[in-house]
Amino acid sequence: MKHFLSFLKSKTFLIQLGLALVAAVLFCFLVLQWLKSSTNHGEFVEVPDFSKMSVMEMRKVVEDAGLRYQVLDSSNYNPDYPRFSILEQDPPAGNKVKSNRKIYFTVNPSGYKKVTVPDIIQVTQRNAASMLRAVGLDVQRVTYIDELGKDMVYRMKHKGKYLKPGDKLPKTSKIELICGNGTIPGSARIQADSE
């Protein structure tokens, strides 16, 4: 033990200890400098505002800013934005980010997604309108025909064409309901009289 304590006080040990400390400090300094240069420490890029830009315009601006991008699909069509334009971006415009950072974009689809027309035949007009609104369709107008069921839906049309339950239409489409007015059709009255 006495020999070990005398070694710790020796000139050789102190020189080796000093060299080890200098090497450790020099190693840490070099690692920090390398990290600073490889991570672009203190260098930032301001994220541009991409809203309402087309995808082609967005690509050019992203590349010019030294950023990367990823386009995310969107099923929510926004009629206030052009088709295939940027709806949202993450991170938002004005944020400071490192160069080569990935920006995530949500793009406006080409139109509303299609929904299935519910079975509203032989349903009252009021319930039919509620069922249509529930899936994202609207009643444009109601036309009445001679049928016994007053306000009962007998047929439906979209842009002049008859629809069947299960047909697909873009969300927010307008449908015409053809309902009964509560009177017996002439052909049924003639048959009843002839019997």
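This report covers the N-terminal helix and its surface patch, a transmembrane annotation, and a three-stranded sheet in a predicted model.

**N-terminal segment**

Helix 1 spans residues 2-8. Leu5 lies in this helix, and Leu8 is found there as well. Both leucines contribute to a nonpolar surface patch of about 530 Å², which is made by Met1, Phe4, Leu5, Phe7 and Leu8. Leu5 has a relative accessibility of 44% and counts as partly exposed. Leu8 is also partly exposed, with a relative accessible area of 31%. Because partly exposed covers the range between under 20% (buried) and over 50% (exposed), the 44% of Leu5 falls in that class, and so does the 31% of Leu8.

Leu5 also serves as a reference point for a distance along the chain. Leu5 and Leu177 are separated by 172 residues in sequence. In space, their C-alpha atoms are 102 Å apart.

**Annotated transmembrane region**

The UniProt record, an unreviewed entry, places the feature "transmembrane region" at residues 12-35. In the model, residues 12-35 are 100% helix and 0% strand. The C-alpha atoms at the two ends of this stretch are 35 Å apart.

**The sheet**

Three strands form an open sheet in the order 2-5-3, with mixed pairing. Strand 2 (68-72) and strand 3 (86-90) stand at the edges. Each of these two has a single partner strand, so one side of each is left without a neighbour in the sheet. From one strand to the next, the twist averages 25°.

In general, strands of a sheet pair through backbone hydrogen bonds, in either a parallel or an antiparallel sense. Both senses occur here, as the pairing is mixed. Strand 2 and strand 5 run parallel and are joined by five bridges. Strand 3 and strand 5 (residues 102-107) pair in the antiparallel sense over four bridges.

Individual bridge partners in strand 5 include the following.

| Residue | Bridge partner in strand 5 |
|---|---|
| Tyr69 | Ile103 |
| Glu88 | Thr106 |
| Gln89 | Phe105 |

On the parallel side, where strand 2 covers 68-72, Tyr69 is bridged to Ile103. On the antiparallel side, where strand 3 covers 86-90, Glu88 is bridged to Thr106 and Gln89 to Phe105.

Conventions:
Residues numbered from 1 in each chain as written. Predicted model: local features only at pLDDT ≥ 70, side-chain atom pairs only at ≥ 80, totals over all residues. Heavy atoms only, no water. UniProt positions renumbered as here; feature names shortened; annotations may be inferred. Patch = residues over 30% accessible without salt bridge, like charges linked within 9 Å, V, L, I, M, F, W, Y side chains within 5 Å. Areas by Shrake-Rupley, 256 points an atom, 1.4 Å probe, with all protein chains shown as cover. Salt bridge = Lys/Arg side-chain N within 4 Å of Asp/Glu carboxyl O. Buried < 20%, exposed > 50% of the residue type's maximum accessible area, 1.4 Å probe, protein only. Pairing = 2+ DSSP bridges. Axes fitted to C-alpha atoms, helices over the stretch in contact; angles between N-to-C directions.
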